[in-house]
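Hi everyone, thanks for coming. Please have the sequence and the 3D view open while I talk, and stop me whenever something is unclear.

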Amino acid sequence: MNGELRKKLKSGEKKIAVWGVGYIGYSSMAYFAKEGVNCIGYDVHKERVDNVNTEGSCVIKNIEFWLAFDVAPLVKSKRIFATHNWKDLISDDVAVHLIGIPTEKNGAPFNDHLKDVLTKLFTEYKQHKTSEPPLIVIESTITPNLIEDMVFPLAKELDVSIGKDVLLGVAPRRDWFVSPDKTLKTLPRVVGGTDKYTTQLIGEVCGIISNTVLEATDHRHACIVKSVENAFRQLDITFANQLSLAYPHLNTVEILKLAGTKWNVGTYHPSFGTGGYCIPLAPQYVLQGAKHPEKLTLLKESLTTDFSQPQRVAKSLIDRGFKKIGILGLAYVGDLKVSVLCPTLALSRELLALGAEVKVQDPLFSAAEIKAETNCDTFEFPTGMNEFDAIVIVSTHMQYKSTPHIEIIENLENCTFVLDNMGIWRDLELPEKIEYHEAGDAGWLESEE
Ligand SMILES: NC(=O)c1ccc[n+]([C@@H]2O[C@H](COP(=O)([O-])OP(=O)(O)OC[C@H]3O[C@@H](n4cnc5c(N)ncnc54)[C@H](O)[C@@H]3O)[C@@H](O)[C@H]2O)c1
């Protein structure tokens with residue numbers, strides 16, 4: 001590898017095109033532009049395109065905090081630019097295509113968006129030959145065998161030779177958008193192409209922005225790493241939940257905190273179940289791609305427990321006799337506007353089905369968005385909490401953590417029960433009439449005998 005592509009990108013001779021300018025695509029553009037690379041993005045969502053071209057405001061909540069650098073000068077200089085016409089991305093001066101579109105729907109892998117983008121790219125590059133074949137890098141998370149099962153057949157159907165007409169590989173993302181220290185720059189990046197040359201070329205491109213690039217043997221190995229690392233987390237978290245179900249009379253939070261002091265054991269916390277794009281989907285990705293899925297019995301069991309956890313929580317609230325329930329948080333993690341597979345979705349659905357009156361509040365989501373996702377109305381925090389007999393805290397938003405205790409307590413007039421997913425109100429001195437539980441403590445799902 002002679003660094004030619006890197007030089008062309010950094011000199012402005014060549015550009016990077018980005019498909020999907022959400023969290024993944026937008027942050028790629030920002031990081032490459034910061035290193036002097038011109039980026040052009042496209043999104044089917046018009047507002048996202050307009051947003052990229054608007055200096056100093058971003059509809060992607062809190063991403064500026066995570067980026068920790070000012071994107072406005074990069075927009076002003078048009079180093080970052082987005083278009084409504086995807087054909088603008090097919091041009092001789094575009095050498096790299098990064099794909100950051102969603103690859104899940106309703107809690108399961110979903111590949112239609114990827115198929116759409118690749119069909120466009122393959123069709124166009126079949127007709128428009130460029131001096132060098134363009135490099136296509138899938139940043140989205142995909143199932144380990146998707147390239148073999150969908151992408152190669154699609155290329156064949158469209159008469160495109162991968163390795164000749166286009167180069168293709170993956171560079172899955174690991175970013176943690178709530179921690180500015182876990183970014184494209186700081187986290188090691190695993191890359192893999194369909195041949196050695198492509199792998200090295202992806203490494204060269206990713207090396208412009210990432211401190212550490214790790215070249216896998218090929219795309220298959222690079223792809224599965226992402227799912228395996230998250231499947232480990234899902235298994236660990238679900239083991240924490242199973243422990244608290246098996247030992248309901250003991251405080252599993254405390255047990256796991258103490259167990260986590262051993263040098264080779266992580267610290268896990270029981271919860272209402274995993275959420276987000278990555279952790280709950282990872283075991284499914286690993287199972288779908290396996291040659292012998294029947295060997296992965298742990299993953300199957302883990303998924304069953306994890307996905308039924310919100311139902312368990314809902315049933316326990318109803319069994320305890322609560323009828324008016326306020327849920328705090330629709331985001332699966334604090335201060336990130338992502339509701340994908342957040343336990344609130346299944347929890348509110350289940351509670352409604354069991355006849356409870358449920359409202360959901362989240363500072364990052366509008367009333368209309370909450371209604372559309374949960375079929376529930378919203379309420380003000382903290383002043384609207386008086387109407388509920390139970391409060392369930394799902395997301396660890398700063399607003400819930402930083403509101404003065406006195407203001408919270410003043411607004412729990414009718415409340416007799418608080419159930420707290422991650423224990424953020426653990427230190428609140430609640431009046432005696434209110435029973436408080438953190439997920440995993442003794443008796444959180446069933447009253448102690
Ligand atoms: N957000 C994370 O924390 C994170 C971390 C690691 C990996 N990922 C993975 O990255 C991928 C993207 O995630 P995200 O968080 O950026 O999602 P996102 O929803 O924020 O952004 C995706 C964007 O793609 C656009 N899009 C959909 N179909 C398109 C198409 N056919 N052409 C062009 N644009 C299209 C959407 O309008 C949206 O703006 C997913 O596979 C996800 O699993 C996400």
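Let me begin with a term we need: two strands pair if DSSP finds at least two bridges between them. Keep in mind, too, that this is a predicted model. Now to an example of pairing. Strand 2, residues 38-42, and strand 3 pair in the parallel sense, over 4 bridges. You can pick out one of the links yourself: Y42 has T83 in strand 3 as its bridge partner.

Those two strands belong to a bigger picture, so which order do the 8 strands of the open sheet follow? The order is 3-2-1-4-7-8-9-10, and the pairing is mixed. Strand 3 (80-83) and strand 10 (213-215) stand at the edges; each has a single partner strand, so one side of each is left without a neighbour in the sheet. From one strand to the next, the twist averages 25 degrees.

There is another open sheet, made of 5 strands in the order 12-11-13-14-15, and here the pairing is parallel. Why is one side of strand 12 and of strand 15 left without a neighbour in the sheet? Because strand 12 (357-361) and strand 15 (435-438) stand at the edges, each with a single partner strand. In this sheet, neighbouring strands are turned against each other by 15 degrees on average, direction ignored. Inside it, strand 11 (residues 324-328) and strand 13 (residues 390-393) run parallel and are joined by 4 bridges. One residue pair to look for is I327 with its bridge partner V392 in strand 13.

Let's zoom out. Altogether, the protein chain comes to 16 helices and 15 strands. Its radius of gyration is 24 Å, close to the 22 Å that the globule rule gives for 449 residues, so the chain is as compact as a globular protein of that length. Along the principal axes, the C-alpha trace spans about 75 × 50 × 40 Å.

How is the chain divided? The domain assignment gives domain 1 (4-217) and domain 2 (218-449). Their C-alpha centres lie 33 Å apart. The contact between them takes 25 residues from domain 1 and 26 residues from domain 2. On the side of domain 1 that touches domain 2, the elements giving two or more residues are strand 6 (108-109), strand 8 (167-170) and strand 9 (189-193). Strand 9 gives the most to that side, with 4 residues. By type, the residues of that side divide into 12 nonpolar, 11 polar and 2 charged.

Next, please turn to the ligand. How many residues surround the ligand, and which are the closest? There are 26, and the closest are G20, G22, I24, H45 and S140. Helix 2 (23-34) and helix 6 (112-127) each supply at least two residues of this shell. The shell divides into 12 nonpolar, 9 polar and 5 charged residues.

I'll end with two details of the backbone. F381 and P382 are joined by a cis peptide bond, with omega about 0 degrees. To find P382, look in the loop between helix 14 (367-374) and strand 13. The other detail is D159, which has a positive phi of about 60 degrees although it is not a glycine. D159 sits in the loop between helix 7 (146-157) and strand 8.

That's my tour, and I'm happy to take questions.

Technical notes
Residues numbered from 1 in each chain as written. Predicted model: local features only at pLDDT ≥ 70, side-chain atom pairs only at ≥ 80, totals over all residues. Domains from an automatic or database assignment. Contact = placed C-beta atoms within 7 Å. Nonpolar A, V, L, I, M, F, W, Y, C, P; charged D, E, K, R; others polar. Near = placed C-beta within 6 Å. Axes fitted to C-alpha atoms, helices over the stretch in contact; angles between N-to-C directions. Rg over C-alpha atoms; globule rule 2.2 N^0.38 Å.
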